[in-house]
Protein chains: 4
Amino acid sequence: MVAVKDADFSNVDAVFCCLPHGTTQEIIKGLPNNLRIVDLSADFRLRDVGEYEEWYGQPHKAQDLQKEAVYGLTEISRREIKNARLVANPGCYPTSIQLPLIPLIKAKLIEVRNIIIDSKSGVSGAGRGAKEANLYTEIAEGIHSYGITKHRHVPEIEQGLSDAANSEVNVSFTPHLMPMSRGMQSTIYVEMAPGVSIQDLYQHLSSFYENEEFVTLLKKNEVPHTRHVRGSNYCFMNVFPDRIPGRAIIISVIDNLVKGASGQALQNLNLMVGNPENTGLLYMPLFP
Amino acid sequence: MVAVKDADFSNVDAVFCCLPHGTTQEIIKGLPNNLRIVDLSADFRLRDVGEYEEWYGQPHKAQDLQKEAVYGLTEISRREIKNARLVANPGCYPTSIQLPLIPLIKAKLIEVRNIIIDSKSGVSGAGRGAKEANLYTEIAEGIHSYGITKHRHVPEIEQGLSDAANSEVNVSFTPHLMPMSRGMQSTIYVEMAPGVSIQDLYQHLSSFYENEEFVTLLKKNEVPHTRHVRGSNYCFMNVFPDRIPGRAIIISVIDNLVKGASGQALQNLNLMVGNPENTGLLYMPLFP
Amino acid sequence: MVAVKDADFSNVDAVFCCLPHGTTQEIIKGLPNNLRIVDLSADFRLRDVGEYEEWYGQPHKAQDLQKEAVYGLTEISRREIKNARLVANPGCYPTSIQLPLIPLIKAKLIEVRNIIIDSKSGVSGAGRGAKEANLYTEIAEGIHSYGITKHRHVPEIEQGLSDAANSEVNVSFTPHLMPMSRGMQSTIYVEMAPGVSIQDLYQHLSSFYENEEFVTLLKKNEVPHTRHVRGSNYCFMNVFPDRIPGRAIIISVIDNLVKGASGQALQNLNLMVGNPENTGLLYMPLFP
Amino acid sequence: MVAVKDADFSNVDAVFCCLPHGTTQEIIKGLPNNLRIVDLSADFRLRDVGEYEEWYGQPHKAQDLQKEAVYGLTEISRREIKNARLVANPGCYPTSIQLPLIPLIKAKLIEVRNIIIDSKSGVSGAGRGAKEANLYTEIAEGIHSYGITKHRHVPEIEQGLSDAANSEVNVSFTPHLMPMSRGMQSTIYVEMAPGVSIQDLYQHLSSFYENEEFVTLLKKNEVPHTRHVRGSNYCFMNVFPDRIPGRAIIISVIDNLVKGASGQALQNLNLMVGNPENTGLLYMPLFP
C-alpha cells in the first residue's frame with residue numbers, strides 16, 4: 001500500500017487493480033481522481049452496500065465511489081464502461097451466467113422464477129493460495145459441489161438478472177469443482193415464457209451477439225465444451241430443448257481466467273482508453 | 001456365443017451376463033431354465049418393449065423373458081431380486097438418481113413435475129472402446145454435456161420414478177462428461193410438496209436407509225464427493241435447502257463402475273444365492 | 001505427545017508410529033521397552049547418525065535406539081524384521097530401487113559404479129501439507145525434476161546398496177514429480193558385470209522372488225505400469241537389454257502409499273506379531 | 001492425393017506437408033520443383049535410406065529427394081535451412097535431446113559413450129488416432145515406459161549426435177508416457193570429458209544460445225518444468241552436477257506439439273521465405 005501511495009501516476013491514464021477482495025476499496029479511494037480503473041476484485045460489484053456487507057462480512061469502505069462504479073460486463077454495458085471512471089470487473093460465474101440470460105430476460109423470452117443454475121469450474125477459480133482443499137491429491141479424479149446456494153457470486157448474479165427483469169429475481173445456484181485447472185460451464189435450466197419456442201431463444205441470442213467478437217452462439221445442436229475456449233477470451237453458448245415441454249437448457253462456457261477475469265478486464269480497459277477492443281486478446285484457444 | 005452354447009452349467013446356480021447391449025436377449029433365451037442370471041446390459045431394464053425398441057433402435061428379441069425380469073436396484077427391490085430368475089442390473093445414472101428419489105416420491109415428499117437432474121460422470125462409463133472422443137487428449141482438462149435430454153438412461157429413470165409415483169413422470173436429464181476415470185454425481189433440483197421441509201426429506205431418507213450398508217445419508221450439511229466412494233460399492237447422498245423457497249437440492253455420488261455396475265450386480269447375485277449381501281464388496285474407497 | 005505419554009500400552013504388543021520426520025526419536029525413547037514398533041518416519045533409517053545429521057540437518061536424539069533399529073525392506077530382511085523391536089520402515093523411492101538392485105548386486109551381476117536412477121513419483125509422496133507447489137493447478141498437465149542428486153532418500157538408497165556390495169556405492173538419483181496422485185516408477189540404468197547377460201539378470205530375479213507374494217518379476221518384455229499396482233502392496237519389475245552393449249535397463253513400479261509406505265509397514269508388523277504376512281493387504285490394484 | 005495433384009501452386013512459394021509417416025515421399029516427388037517444402041513427417045529425416053528402411057519397415061520411395069533434404073533443427077542448421085528446398089522437420093524427442101547435446105558434443109565437453117536419455121512425453125505425441133492405449137482411462141493417473149531402446153526416434157537422435165561427434169554414437173533412449181496432453185522432458189545423464197566442469201557446460205550452452213529467441217538456458221540451479229513452455233515454441237534447458245564425480249545431468253523441456261512439431265516447422269518456413277523467424281510464434285506459455 002505504501003508502494004501505491006508513493007507511485008507516480010502523472011503519465012498514466014488507466015490501471016488495473018488486482019488486489020484481494022476487501023482491500024481494494026481503501027486503496028482506490030487514495031488514487032488520483034482522474035485515474036481510470038478496472039478493479040478485478042469483488043469490492044465494487046454490488047450496488048447495494050448493505051448486500052455487500054451481508055455477503056462479504058465487512059463494512060464497505062468507499063461508499064461514495066460505489067455510486068460511480070460501473071459493472072463491467074462488456075457486451076451488456078459497453079456504453080457505460082466506455083465512459084466509466086471505475087469499472088467493477090465481473091466474477092467468473094456471473095459472466096458465464098449473465099451473458100446468455102440477460103438478453104433473454106430483457107426480451108421476456110424466459111420466466112424469471114425457478115431459474116436453476118448448475119455451474120462447473122476449474123480449480124484456478126480458487127486462486128493460488130496454499131489450501132489443503134486445492135492440493136492435486138484432493139482434486140484429481142473427483143468432483144463435488146460447494147457453497148451450495150451460498151456462494152458469494154449469488155448476489156452479483158441476482159443483481160444483473162433483476163436489473164434485466166426490472167423485478168427482484170432469486171436463482172438457484174450450485175457451483176461444482178472440477179478436476180481441471182481452467183474452464184467453466186454453466187448449465188442453466190429455465191422455463192420459457194408462454195408461447196415461446198427454442199427457436200425464439202436461438203434467434204434472439206443469435207441477433208443479440210451477431211456482431212460480437214468474443215461471444216458466440218454455436219450452430220444449432222452444437223454442444224459447447226470448455227476445452228474449446230481454453231486460454232481465450234471467448235464465451236461459447238447454445239440453447240437446447242428440454243424433455244419437459246416448455247422448458248429450455250442453456251449452456252455457456254468460458255475460460256474463467258480470461259473472459260471470467262483478466263481477459264474481460266483488458267477488454268474493458270481497451271474500451272475505456274479507445275483501443276480496439278480486442279487488443280492483446282487475440283489468443284486462440286489452446287487444444288489439447 | 002458358441003462358447004456359451006457348449007458350456008456346461010450343470011453345477012452352476014447363477015451367473016453374471018456381461019455382454020454388450022443388444023446381444024444379451026438372444027443368449028439368455030438359450031440358457032437353461034433353472035440358471036439364475038444377473039444381466040449387466042440394458043437389454044432387460046425396460047418393462048415396455050415398445051419403449052425398448054424406441055430408445056435402442058431394434059426389436060426386443062426375448063419378450064417372454066422380459067416379463068419375468070426384475071429391475072435390480074437392490075435397496076429398493078430386495079425381496080423381488082431375492083426370488084428372481086433374471087435380474088436386469090440398473091444403469092449407473094439411474095442408480096445414482098433413483099436411490100434418493102424413489103423413497104421421497106413414494107412418501108409424496110417431493111413434486112414429480114419439473115425434476116431437473118444434472119449428472120456428471122467419469123469417462124469409464126463410456127466403456128473401453130477405442131473412440132477418438134474418449135482419448136486422453138480429448139477429455140483431460142475440459143468438460144461438456146452430451147446426450148442432452150436424449151440419453152438412453154432417460155426411460156429407465158422415468159420408469160422407476162413413475163412406478164414410485166404411480167403416475168407418469170418425465171424428467172429433465174443432462175449428463176456431463178468429467179475429466180476423471182471413475183465417479184458419478186447427480187445433482188437433482190426438486191420442488192418439495194406443500195408443507196414439506198428439508199428436515200422432512202432428511203428424516204425420511206435417514207430412516208429409509210438406516211440399516212443399509214451401502215447407501216449412506218451423510219451428516220447434515222456434509223457434501224458428498226465422488227472421491228469418497230471411489231472403488232467402493234457405496235452411495236453417499238445428502239439434501240440441501242435451495243435459495244428459492246420450497247425447493248431442495250439432492251446430491252448423490254457413486255462409483256459408476258461399482259455401485260453403478262458390477263458392484264451392484266454382485267450385491268444382487270449374493271442376495272439371489274443366499275450369500276451375505278456384502279460378500280466380495282468390502283473394498284474401502286481409495287483416496288487419494 | 002502428552003497423549004502418547006498417558007497412553008496405556010499394557011495390552012498392546014506392537015504399534016505403528018506415524019509421526020513427522022524428526023519427531024519420532026524422542027517419542028519412541030519414551031515408550032515401554034517391550035513394545036514393538038514399526039516407525040514410518042525417516043528417523044531410524046540411517047545407521048550412521050552422522051549421516052542422519054548431515055542429510056536431515058538436526059542431531060539424532062535416540063542414538064542408542066538407532067543401534068537396534070532394523071531397516072524394514074521385508075523381502076530382503078525378513079528374518080531380522082521378525083525379531084526386531086524397532087523397525088525403520090523404508091522410504092518409497094528406496095523401496096522401489098532396492099528391491100530389484102540388492103539381489104543383483106549381491107550376486108555380483110551388475111557393476112556398482114555409475115548406477116543411474118531416474119525415478120518418477122505421484123504427488124502424494126509429498127504428504128498432505130498445504131503447499132503452493134502441490135496445488136492442482138501447479139501439478140496438473142506438467143512434469144519436472146526436483147531434489148536433483150540431493151533428495152534425502154539418497155543416503156538410504158546408498159546404505160542398502162553398499163551393504164549389498166560390501167563396498168561404498170554412490171548413485172545418481174533424480175526424482176521427478178508426476179501429474180498423478182499415487183504411483184512410483186524407478187527406471188534404472190546399469191552396466192552388467194563382464195560376461196553377464198540380460199537373461200542372467202532375469203533368471204536371478206526370477207528365482208529370488210519366486211515365492212514372494214508382493215514382488216513380481218513380469219513376463220519377459222512385459223512393461224511395468226504404475227497403474228497396474230495402484231492401491232495395492234505389489235511391486236512389479238522387469239529387466240530390458242539396452243541398445244548400448246553390456247548395459248541393462250531395470251524398471252520397477254510400486255504404489256508409493258502402500259508398498260512404499262503403510263502397506264510395507266503392515267507387512268512388517270504382520271511378520272513381527274506372527275500374522276500371515278498378507279493380513280489386511282489383499283487389496284487388488286484399482287484400475288482404472 | 002488427387003487433391004494435391006490438382007492443386008494450383010503457381011502463386012505459392014512454400015508449403016507445409018502434414019501427412020502421415022510413409023505417405024509423404026511419393027507426394028512430394030509429384031510437387032513442382034520450385035516449391036519449397038517443410039515436411040512434418042519422418043519421411044526425410046534419415047539421410048541413410050537403408051536405416052530408414054530398417055526402422056520404418058518399408059522401402060524409401062524418393063531417394064533422390066532424400067539427398068537434398070535438410071534436417072530442420074533451426075538453431076543448429078539455420079544457414080542450410082534458409083537455402084533448402086526440402087526441410088525434414090525434426091521429431092519431438094530428437095529436438096529436445098539434440099538442442100542441448102549437439103553444442104556440447106561439438107565442443108568435446110562431454111563423452112559420447114554411455115549417454116543415457118530418459119525422456120517423458122505427453123500423450124499428444126501419439127497423435128489423434130483412436131487407440132485403446134491412449135484412452136483417458138488408460139492414461140490418467142499412471143505412467144509407463146514404452147519402445148524401450150527401440151523407439152523410431154533412436155536413429156534420428158544418433159544421426160545428429162554422430163554428425164556432431166564426427167564418429168558413430170549409440171545412445172540409450174527410454175521414452176515414458178505421461179498423464180498429460182502436452183509437454184516433453186528429456187533428462188540426460190552424461191560423463192563430462194576429462195578436466196571439464198559443470199561450469200564449462202553451462203558457459204558453453206550460455207554463449208551458444210545467447211542470441212536465440214526460442215532456446216533458453218535457465219539461471220543456474222533453476223529447474224525446467226514442461227508447464228513453463230506449454231503452448232509455446234520455447235525450449236528451456238539447464239545442466240546440473242551429478243553426485244557421481246565427473247558426471248552431469250542435462251534437462252531440457254519443450255512443448256512437443258510446438259517446438260517439437262508445428263512451431264519449429266513454422267520457424268523453419270519463416271526462415272526459408274525471409275519472414276522474421278518468430279512470425280506467428282509469439283504465443284506465451286499458458287500456465288496454468
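Two strands count as paired if DSSP finds at least two bridges between them. With that in mind, open the predicted model and begin with a strand of chain A.

**Strand β7**

Select residues 171-177 of chain A, which form β7. This strand is mostly covered, with 7 of its 7 residues buried. Colour the side chains by face: Val171(A), Phe173(A), Pro175(A) and Leu177(A) lie on one side, and Ser172(A), Thr174(A) and His176(A) on the other. Both faces are covered.

**Partners of β7**

Add residues 115-121 of chain A, strand β5, which runs parallel to β7(A) and is joined to it by 7 bridges. To find a point of register, pick Lys120(A), which stands opposite His176(A).

Next add β6, residues 144-145 of chain A. Here the strands run antiparallel, and 2 bridges join β6 to β7(A). His144(A) is the residue to pick, as it stands opposite Leu177(A) of β7(A).

**A loop residue**

Move to Ala7(A), in the loop between α1 (2-6) and β1 (14-17) of chain A. Ala7(A) counts as partly exposed because its relative accessibility is 35%, and the partly exposed class lies between 20% and 50%. Draw a distance from its C-alpha atom to that of Ala140(A): the separation is 42 Å, for residues 133 apart along the chain.

**Both chains**

Now show chain B with chain A. A rotation of 180 degrees, with 0.0 Å of shift along its axis, superposes chain B on chain A at an RMSD of 0.0 Å. That is the relation of a two-fold axis. The same surface serves both copies, in that 100% of the contact residues of chain B recur in chain A. To locate the axis, select Pro179(B), whose C-alpha comes closest to it among the residues of chain B, at 3.2 Å.

Note on methods: Residues are numbered from 1 along each chain as its sequence is written. Chains are lettered from A and ligands numbered from 1 in the order in which they are written. This is a predicted model: local features need pLDDT of at least 70, side-chain atom pairs count only at pLDDT 80 or more; totals for chains, interfaces and linings use all residues. Side-chain values use heavy atoms; hydrogens and water are left out. Helices (H or I, at least four residues) and strands (E, at least two) are DSSP runs, numbered from the N terminus. Buried means under 20% relative accessible area, exposed over 50%, partly exposed in between (1.4 Å probe, protein chains only). Copies are superposed by least squares on the C-alpha atoms of residues with pLDDT of at least 70 in both. Contact means heavy atoms within 4.5 Å.
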